[in-house]
Amino acid sequence: MHTDTERCVRAVQSKDARFDGWFFTAVLTTRIYCRPSCPAVPPKVENMTFLPSAAACQQAGFRACKRCRPDTSPGSPEWNARADAVARAMRLIQDGVVDREGVPGLATRLGYSTRQVERQLNAELGAGPLALARAQRAQTARLLIETSELPMGDVAFAAGFSSIRTFNDTVREVFALAPRELRDRAVKAGRSRNAPPRIPGTISLRLPFRAPLNPDNLFGHLAATAVPGVEEWRDGAYRRTLRLPYGTGVVALTPQPDHIGCRLALTDLRDLTIAISRCRWMLDLDADPEAVDEQLRSDPLLAPLVDKAPGRRVPRTVDAPEFAVRAVLGQQVSTAAARTHAARLVGAHGEPVEDPLGGLTHLFPSPQALAGLDPEALALPRSRRATLTTLVSALADGSLALGLDSDWEAARAQLSALPGFGPWTTEVIAMRALGDPDAFLPSDLGIRRAAQGLGLPSTPSALTARAAAWRPWRAYAVQYLWATDTHPVNHLPV
């Protein structure tokens, strides 16, 4: 979008927050970059230039605006709506792959050479993988500086910097303030005093999103399907355990009118950026609800559902293999039965964790932990035992890889080749584990009932034909159709 100068200028002059994260405004006279909705007086048109990422702005020598704080805007919705190499690379960079494995590791995951990855990212984002990862480290550093009381050495370590000197130099270069000055400004502005009460051993922060956001089906689904010991709804928050690259964690996510409250307890602070990224992914916080809802409103039978409760998100997962296992356990059984089956696996094979602030007890078992599972110990039909053990074996030996870097169509083909994987299971994994915004479930009983009640075609083939007009947002149409039912997944817990 940053190449459409006229459109960008209109967004900046109208201070349109819908475009925050889509592009950044760099001001040639002040050498400052802003989000489109910056409250300052818009610069003259001839002094504006538009760049696709914060990293590109920083690489071009611009520093972040102190008023609009562009580094805290929601991420671009493009990376969650596409499955090409650039989008998959961005999802992996946000998940910390460059910091852990370097650019060669990123390229290997994508199946490209290092040079190809750098060329594609520079062409579309104006910055290579190292610059993009550096911008993310700077954003994490600012978050910790302003919302925690961690010593600056710990902040540098948690944000992924290799040394205190690099941390200090980067913060000064990007924000034109020393780390201590950033913290002092935050205290003076009252951000720290307005934040939730600090609990020792936890980090509290706010996750921004593009309005509107309807939390009913998002948190309702996560709470209603919560696996005991791994997930829970407590005191108005969805809480769950996290398996992370350097350790484990527990997160509590609380819906608020203008943000999602996030409280993290981590065994290793290096996992902070990754934990935030995965929580944002799970809650679909980088979606563009205006674009989604506008498309779905074009169908006169869907429009009343969208107008009644706009801004529905797709509830996802923090762990794609975990969700795949749970999808098999949930085949042709009730939500309560699926939770019971999953809880048994957790009790027998999950890794214990400590949760002093709640009732969480385990991580969901990894594919490797389930690889030696005795099928006879499963209270499932014989065919579903075979489906589950085949899936677990493929995940454990790496022949099936599900994650942020998955090619959606290739993953569908692999899943469909496994015994017991029909269209429903494959599509629900594509929708909630892989994040395909166009995944569709025309054979789902709830969808067919909703379609019939609205006057839409109710047979899978006819409904699929009608839903072609909803593309590429059919996964969101699923949320609106499901919401016509009174099932607990569609309601915010009380």
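The largest share of the lining of the second largest pocket comes from helix α16, which supplies 5 residues. This report describes a predicted model, starting from that helix and moving on to the strands and the nonpolar cores.

**Helix α16 and the pocket**

The second largest pocket has a volume of about 1,100 Å³. It is lined by 43 residues, and G330, V333, T335, W424 and D444 are the closest to its centre. Besides α16, the elements that each give at least two residues to this lining include α12 (215-224), β7, α17, α19, α21 and α22 (445-454).

How many of the residues of α16 are buried? The helix spans residues 320-329, and 10 of its 10 residues are buried. Among them are the charged-letter positions E322 and R326, along with F323, V325, V328 and L329. An α-helix has 3.6 residues a turn, so residues three or four places apart point the same way. The cover over the buried residues of α16 includes two strands, β6 (231-234) and β7 (237-243), and also the helices α17 (335-349), α18 (367-370), α19 (382-397) and α21 (423-432).

At the N-terminal end of α16, D319 acts as a cap. One of its side-chain oxygens lies 3.0 Å from the backbone nitrogen of E322.

**The cavities**

The model has 2 cavities of 30 Å³ or more. The largest cavity has a volume of about 70 Å³. D319 and E322 both belong to its lining, which also includes R278, V318, L363 and F364. Which element gives the most to this lining? Strand β7 does, with 4 residues.

**Strands and their pairing**

Strands of a sheet pair through backbone hydrogen bonds, either parallel or antiparallel. Three antiparallel pairs are set out below.

| Strand pair | Bridges | A pair of bridge partners |
|---|---|---|
| β1 and β3 | 4 bridges | A26 and T49 |
| β6 and β7 | 4 bridges | R234 and A237 |
| β5 and β9 | 5 bridges | L207 and I260 |

Strands β1 (residues 24-27) and β3 belong to an open sheet of 4 strands, in the order β3-β1-β2-β4 and with mixed pairing. Its edge strands are β3 (48-51) and β4 (63-64), each of which pairs on one side only.

Strands β6 and β7 form a hairpin with 2 residues between the strands. In this hairpin D235 takes a positive phi near 55°.

Why is strand β5 described as largely enclosed by the rest of the structure? Its residues are 203-207, and 4 of these 5 are buried, so the rest of the structure largely encloses the strand. Its antiparallel partner, β9, covers residues 260-266.

**The nonpolar cores**

In soluble globular proteins, nonpolar side chains tend to be buried together. In this model the largest nonpolar core has 60 residues. Those with the most contacts inside this core are L296, L402, I429 and W470. A second, separate core has 52 residues, including A159, L218, L253 and L266.

What is W470 in contact with, leaving aside its neighbours within four places in sequence? The residues are Q295, L296, D299, L302, F440, L456, L463, A477 and L481. One of these, L296, is also among the residues with the most contacts inside the largest core.

Definitions and conventions
Residues are numbered from 1 along each chain as its sequence is written. This is a predicted model: local features need pLDDT of at least 70, side-chain atom pairs count only at pLDDT 80 or more; totals for chains, interfaces and linings use all residues. Side-chain values use heavy atoms; hydrogens and water are left out. Buried means under 20% relative accessible area, exposed over 50%, partly exposed in between (1.4 Å probe, protein chains only). Contact means heavy atoms within 4.5 Å. A polar contact is a pair of N or O atoms within 3.5 Å; within protein, one must be able to donate a hydrogen and the other to accept it, and residues adjacent in sequence count only if both atoms are side-chain atoms. Two strands pair if DSSP finds at least two bridges between them. A nonpolar core is a set of buried Ala, Val, Leu, Ile, Met, Phe, Trp, Tyr and Cys residues joined through side-chain atoms within 4.5 Å. On a 1 Å grid over the protein atoms alone, a cavity is a set of points where a 1.4 Å probe fits but cannot get out, and a pocket is an open set with protein on both sides within 12 Å along at least five of seven lines; lining residues have an atom within 4 Å of a point. Grid points are joined across faces, edges and corners, and a volume is the space filled by probe spheres set on the points.
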